[in-house]
Amino acid sequence: MTANASPSPVLSAAALKAELSGPRPPVLLDVRWQLGGPNQRPAYEAGHLPGAVYVDLDAELAGPAGEGGRHPLPDPEEFGAVMRRAGVSADTPVVVYDGGQGWAAARAWWLLRWTGHARVRVLDGGLAAWTAGGGSLLTEVTPVERGDFKPNPGAIGLLDADGAAALARTGLLLDARAGERYRGEVEPIDPVGGHIPGAVSAPTTENVGPDGLFLTADALRARFAELGADAAGAQVGVYCGSGVSGAHEVLALAAAGIPAALYAGSWSHWSADPARPVAVGSLPG
């Protein structure tokens, strides 16, 4: 797969400032989220980007935890209703941000892209980059005009368990979790440690630099080429623990010009079935 000339899915704070003062400012979605932590709406109410609408990842960007994993995909129509309430229309640009890690923002980006919205980007570095660049925060919630976005799922790749297993053998399946979870040395959440046989370790944390910003497109292309996703490579898929940080990896691949599918159920879905095989150690298996 070759790198393409598509607009970057990642937007700098400086570029966002310019767009917000332009003739057609983007819809802003605040998707701050903390794994296992408290709801972040109070943080949003304490200060958010001007005009941003808060979206709750656990309640609005995921379905109920269960057989589909810890963060299964939301019902597309319910997701569409959330986006319309947030002011998203089919033809309006959207910029998503979170507290800085980028995982939650990438989840919203992926869902919008998967359901057919073509003009969505993620604020590089999130809220931290915005304030570091002198961006202001507001506490009042600005009413937004209802949007008209109607989801049409399937615009980008989605894998189920069987598809992920097959891709690990015929293409390239990247495991976006920390290396120690991939190797099966620790597993703090799911019933068993290890990885999908054939998957390659590619921690999401290595998509960004010490400043929390994404690596350049060239650096990302070099990183993924070393993992096997180069210009002549096979199809690429990604999974993580529950489909959140994996979306960040899909975003990083998109920034490098490499399309990739997401196994949304990820390890929380795979490991819930004791009949599915598990590999441990540093090799794909």
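**View 1. Five strands line up in an open sheet.** In this predicted model, 5 strands form an open sheet, and their order is 6-10-9-7-8 with parallel pairing. Strand 6 (158-159) and strand 8 sit at the edges with a single partner strand each, so one side of each has no neighbour in the sheet. Keep that order in mind for the next two views, which zoom in on some of these strands.

**View 2. Strand 7 pairs with strand 9 and with strand 8.** Here we look at strand 7 (residues 172-175), which pairs with strand 9 (residues 236-239) in the parallel sense over 4 bridges. Two of the residues to look for are L173, whose bridge partner in strand 9 is G237, and L174, whose bridge partner in strand 9 is V238. Strand 7 also runs parallel to strand 8, and 2 bridges join them. On that side, L174 stands opposite V200 in strand 8. What about the faces of strand 7: are they covered or not? Both are covered, with L172 and L174 buried on one side and L173 and D175 buried on the other.

**View 3. Helix 10 lies across three strands.** Which strands does helix 10 lie across? They are strand 7, strand 9 and strand 10 (261-263), and the helix runs at about 150° to strand 9.

**View 4. Helix 5 packs against helix 10.** A pair of packed helices is described by the angle between their axes and by the distance between those axes. For helix 5 (residues 103-114) and helix 10 (residues 245-255), the angle is about 70° and the axes are 7 Å apart. That makes helix 5 roughly perpendicular to helix 10. On the helix 5 side, the residues that meet helix 10 are W103, A106, R107, W109 and W110. They come up against S245, A247, H248, V250, L251 and A254 in helix 10. Sorted by character, the residues of this contact are 8 nonpolar, 2 polar and 1 charged.

**View 5. Helix 5 also belongs to a β-α-β unit.** Strand 4, helix 5 and strand 5 make a β-α-β unit, and it is right-handed. The two strands of the unit, strand 4 (residues 94-97) and strand 5, pair in the parallel sense over 3 bridges. To find one of the matched pairs, start at V95: its bridge partner in strand 5 is R121. Strand 5 (residues 120-123) also pairs with strand 1 (residues 10-11), again in the parallel sense, over 2 bridges. In that pairing, L11 has L123 in strand 5 as its bridge partner.

**View 6. F214 sits in a loop.** Look for F214 in the loop between strand 8 (200-201) and helix 9 (217-227). Is F214 buried or exposed? With a relative accessible area of 13%, F214 is buried. Leaving aside neighbours within four places in sequence, F214 is in contact with V10, D124, N207, V208, L220, H248, L251 and A252. Among these, H248 and L251 are also residues of helix 10 that meet helix 5. G102 is 112 residues from F214 in sequence, yet their C-alpha atoms are 9.4 Å apart in space.

**View 7. S266 has a positive phi.** Most residues other than glycine have a negative phi. S266, however, has a phi near 55°, a positive value in a residue other than glycine. You'll find S266 in helix 11 (residues 266-270). S266 is also buried, with a relative accessible area of 0%.

Methods:
Residues are numbered from 1 along each chain as its sequence is written. This is a predicted model: local features need pLDDT of at least 70, side-chain atom pairs count only at pLDDT 80 or more; totals for chains, interfaces and linings use all residues. Side-chain values use heavy atoms; hydrogens and water are left out. Axes are lines fitted to C-alpha atoms, for helices over the stretch in contact, and angles run from 0 to 180 degrees between N-to-C directions. Angles under 35 degrees count as roughly parallel, over 145 as roughly antiparallel, 65 to 115 as roughly perpendicular and the rest as oblique. Contact means heavy atoms within 4.5 Å. Ala, Val, Leu, Ile, Met, Phe, Trp, Tyr, Cys and Pro count as nonpolar, Asp, Glu, Lys and Arg as charged, and the others, Gly among them, as polar. Two strands pair if DSSP finds at least two bridges between them. A crossover is right-handed if, with the strands pointing away from the viewer, the path from the first strand over the helix to the second runs clockwise. Buried means under 20% relative accessible area, exposed over 50%, partly exposed in between (1.4 Å probe, protein chains only).
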